[in-house]
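Colleague: Please take one part of this model and go through it closely, residue by residue where that helps. I would like to know what it packs against and how its surroundings are arranged.

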Amino acid sequence: MALKLYYVPRTRSARARWLLEEMGLPHELVRLDPKSKPDGYDKLHPLQHVPVLVDGDMAIFESAAICLHLADKDPEHRFAPAPGSIERAHYYQWLFYAVTEIEPHLVAYAAEARRPEAERLHLAVDAARGKLEKALRPLEELLASRPFVLGDRFTAADVVLGSLLDWARSLKLADGFPNALAYATRLHARPAAARARAD
Ligand SMILES: N[C@@H](CCC(=O)N[C@@H](CS)C(=O)NCC(=O)O)C(=O)O
């Protein structure tokens, strides 16, 4: 079945694109203008956001859900552990940790930090940074002894976490976390991740 990804460069679309590249899945890319979505796009994404993956005759939105769906296409379970396994439970755990414990604080921080200095709510900036630093501690500890969150194997959970840590790194929020920083740098350097960053 044909895969088509609707994307905007330098957005959460890059997660899905990165995993498509890692998996070597043939796909079509449809680049959207963030300011003007094509007619009918609301049928694919009710909030008109990116990314959207069209897989045959169905469409799916939410970047992490798209990554979970894509990873399950590999019959050898290289990008997602087998359903029902202990590794699968931890895969879910780290993936949901990424989007519920890390991402909201990054979003909150970035929203304030991009305002002009005079309008910035410094309390909100500090609160978001504090919550993010607290949330990063278990990941920092885990990565002291393993290259990827599930050990030696790279999975879709690393794609979602890697994209978030890249963002944290660019905002200088990961400087106090050497293991997480090294993990983000390693992931960023993967050829598939680099291809997914192309416009
Ligand atoms: N939770 C959603 C968030 C989607 C989202 O907010 N996407 C942003 C880009 S990162 C977006 O589409 N913004 C509006 C736009 O680009 O038109 C996901 O992970 O897919």
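Modeller: Two residues are in contact here if their C-beta atoms, placed from the backbone, lie within 7 Å. The model is predicted. The part I have chosen is helix α7, which spans residues 178-188.

I start with Asn179, a residue of α7. Leaving out neighbours within four places in sequence, its contacts are Glu140, Leu143 and Ala144. Ala144 is 35 residues from Asn179 along the chain, yet their C-alpha atoms are separated by 6.0 Å. Asn179 is partly exposed, because 17 other C-beta atoms lie within 10 Å, and a residue needs 20 or more to be buried.

Ala184, also in α7, is on the other side of that cut-off. With 23 other C-beta atoms within 10 Å, Ala184 is buried. Not counting residues up to four places away in sequence, Ala184 touches Gly162, Leu165, Asp166, Arg169 and Ala174. For a sense of distance, the C-alpha atoms of Ala184 and Arg12 are separated by 16 Å, with these positions 172 residues apart along the chain.

Ala184 shares its burial with Ala180, Tyr183 and Leu187 of α7. Viewed down the axis of α7, the buried residues fall within an arc of 100°, so they line one face of the helix. The spacing fits a general rule: an α-helix has 3.6 residues a turn, so residues three or four places apart point the same way. The buried residues of α7 pack against α5 (122-142), α6 (156-170) and α8 (191-196).

Of these partners, α6 can be described in detail. Its axis and that of α7 are 9 Å apart, at an angle of about 110°. The two helices α6 and α7 are therefore roughly perpendicular to each other, and they cross in a left-handed sense. On the α6 side the contact is made by Asp158, Gly162, Leu165, Asp166 and Arg169; on the α7 side, by Ala180, Leu181, Tyr183, Ala184, Leu187 and His188. By class, six residues of this contact are nonpolar, two are polar and three are charged.

Helix α6 also packs against α3 (residues 63-71), again with axes 9 Å apart, but here the angle is about 155°. Helices α3 and α6 are therefore roughly antiparallel to each other, and α3 passes α6 in a right-handed crossing. Ala64, Cys67, Leu68 and Ala71 of α3 meet Ala156, Val159 and Val160 of α6. This contact of α3 with α6 consists of seven nonpolar residues, with no polar and no charged ones.

Following the packing outward, α3 is mostly covered, with seven of its nine residues buried. These are Ser63, Ala64, Ile66, Cys67, Leu68, Leu70 and Ala71. The elements covering them include α1, β3, β4 (58-61), α4 (86-113) and α6.

Helix α1 (residues 13-23) is mostly covered as well: ten of its eleven residues are buried. Among the buried residues of α1 are Arg15, Arg17, Trp18, Glu21 and Glu22. Their cover includes β1 (3-7), β3 (52-55), α3, α6 and α8. Thus α6 and α8 occur both among the elements over α1 and among the partners of α7. Just after α1, Gly24 has a positive phi of about 65°.

A few backbone details lie outside the helices discussed. As a general point, most residues other than glycine have a negative phi, and most peptide bonds are trans. Gln48, in the loop between α2 and β3, is not a glycine but has a positive phi of about 60°. Gln48 counts as partly exposed, because it has 13 C-beta neighbours inside 10 Å. Pro51 is in the loop between α2 (41-44) and β3, and the peptide bond from Val50 to Pro51 is cis, with omega near 0°. In the loop between α3 and α4, His77 has a positive phi near 55°. His77 is partly exposed, with 16 other C-beta atoms within 10 Å.

Conventions. Residues are numbered from 1 along each chain as its sequence is written. This is a predicted model: local features need pLDDT of at least 70, side-chain atom pairs count only at pLDDT 80 or more; totals for chains, interfaces and linings use all residues. A residue is buried if 20 or more other C-beta atoms lie within 10 Å of its own, exposed if 12 or fewer, and partly exposed in between; C-beta atoms are placed from the backbone. Helices (H or I, at least four residues) and strands (E, at least two) are DSSP runs, numbered from the N terminus. The arc is that of the directions from the helix axis to the C-beta atoms. Axes are lines fitted to C-alpha atoms, for helices over the stretch in contact, and angles run from 0 to 180 degrees between N-to-C directions. Angles under 35 degrees count as roughly parallel, over 145 as roughly antiparallel, 65 to 115 as roughly perpendicular and the rest as oblique. A crossing is left-handed if the near helix is turned anticlockwise from the far one by less than a right angle, and right-handed if clockwise. Ala, Val, Leu, Ile, Met, Phe, Trp, Tyr, Cys and Pro count as nonpolar, Asp, Glu, Lys and Arg as charged, and the others, Gly among them, as polar.
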